[in-house]
Amino acid sequence: MEINPVKGTHDIVASEADKYHEIENRCRFFAELFAYKEIRTPIIEHTPLFLRSVGESSDIVNKEMYTFNDKGGRSLTLRPEMTAGVMRSIVTNKLYANADFPLKYFYIGPCFRYERPQAGRYRQFHQFGIEAIGAPNYHQDVEAVVLGYHIIETLGLKKVHVLINSLGDEESRNNYREALRKYFADKIENMCPDCKRRLEVNPLRILDCKVPEDIEIVKGAPKLSDYLSKESKLYLDSVIAELKVLGIECEIDNNLVRGLDYYTGIVFEYHAKMGEDAKDVGALGGGGHYAHLLKDIGGPDLEGVGLSLGLERLAYIYDLIHADDEKPVFYDSVDFYVMGLSESNIDKCVSLCDLIRREGMSCEQNYEVKSIKSLFKTADRKKAKFAIIVGDDEIKTKTVKVKNLVSQTQTDVKMDDLGHVLHSLLQEYLETIYAKLLEDKGE
Ligand code: AMP
């Protein structure tokens, strides 16, 4: 019986994996430009970590965690996001001791949420993100927004839509929660069961409800902006003004509260407005400021700001943007396909391939004897740039035949000269292809 993949998971194969590499490399590149260092934390953590950080009022903790008991009876959870693990690591490893603040880390890896699979929503997905800890200052929030913006922009998106909001300080939020409780008191009967629970635990979460009838009710709710203290308003204005100086326009979205309980103050999200047939895959990423997260999980009282981007969603818009790009002929191809025409020739090819790889060029060879016709077919299928033919005559004369599979020209190369001659043949090949590409483009 065939074993299917787990619902909501997906395989990333060959050229798809190349695309993920490309996106991840951009993420790394920008994180390093902003002087963030990589942090890798385990995929499994003790469940209470997420209860204390992501929070018991969140949908993630309530409905979406992959939680299980291990054989020792400990409750463990597959991480639904990465910030909590980073904070835990900072505490475990006392990374704050004698540190120069802010601590700046970036991460890339898989996360797990038991959500209903749909466009842009998986049960195993990947996030890139950053955390800056120990800088209770709006410039650090701006830095997080700018970093994510640059990554998304360089994927080729013409307009990155940035939504921003402030959840205010403790007092603003408490006043606002009270106002929401009053507003929803006589409406909650007609709202979804989740909202009923949210009203009890944290009415702010109701603003995030995706049920269409509830969205209508939410439209009339009091606005968070009317409850912000003077300081919180000033902070938000300062962030927006600095982003503007840096060329990033954002739109205030009063209902943006984000799905994680640890945010306080500034929260933000990135969206793409693509063509009509593009699916709405939701936010490309988002983040915000957290004042107490590190303290809540047993660390020192340091504020922080984080950002995370969903790689599946970036991959989706990357495909839309680059759908019509022509791949150069050498894309996705091996440099040399080495053909041994008999068992003993194949043995010899093993050493030849070893030499070619040591020279930093890619190659593959046949391990089974096949007709030369079928070996050329394989070379074509693998999009090899050159074939190297090794038969008895070649072994005798210590000279191999190297055939350019685009121009079909063939060169005899002495085995002793192989390294440097292959380098120059490859160089010549690439120059010819580039020249042709430019000619086709009329440049
Ligand atoms: P969050 O940790 O909820 O703030 O999510 C940050 C980003 O991760 C979102 O903006 C999405 O791009 C991505 N993301 C979150 N959940 C999923 C999911 N189930 N499938 C794919 N991407 C997701």
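This short talk goes through the cysteines and the aromatic contacts of the structure above.

A word on conventions: this is a predicted model, in which local features need pLDDT of at least 70, side-chain atom pairs count only at pLDDT 80 or more, and totals for chains, interfaces and linings use all residues. Residues are numbered from 1 along each chain as its sequence is written, and side-chain values use heavy atoms, with hydrogens and water left out.

Let me start with the cysteines. A search of the whole structure for disulfides, meaning pairs of cysteine sulfur atoms within 2.5 Å, finds zero. Why is C27 not bonded? Its closest cysteine sulfur, in C111, is 13 Å away, which is too far for a bond. C27 is buried (under 20% relative accessible area, with exposed over 50% and partly exposed in between, for a 1.4 Å probe and protein chains only) at 0%, and C111 also counts as buried, at 0%.

Turning to the rings, there are 11 aromatic pairs, counted for Phe, Tyr and Trp (its six-membered ring) when centres lie within 6.5 Å, with planes under 30 degrees apart called stacked, over 60 edge-to-face and the rest tilted. One of them, Y66 with Y114, is edge-to-face, at 5.7 Å centre to centre and 80° between the planes. Y66 is partly exposed at 23%, and Y114 is partly exposed at 44%. Another pair, F336 with F386, is stacked, at 5.3 Å and 25°, and both of these residues are buried.

Finally, R123 lies over the face of Y114, at 3.9 Å from the ring centre, where the criterion is NZ of Lys or CZ of Arg within 6 Å of the ring centre and within 35 degrees of the ring normal.
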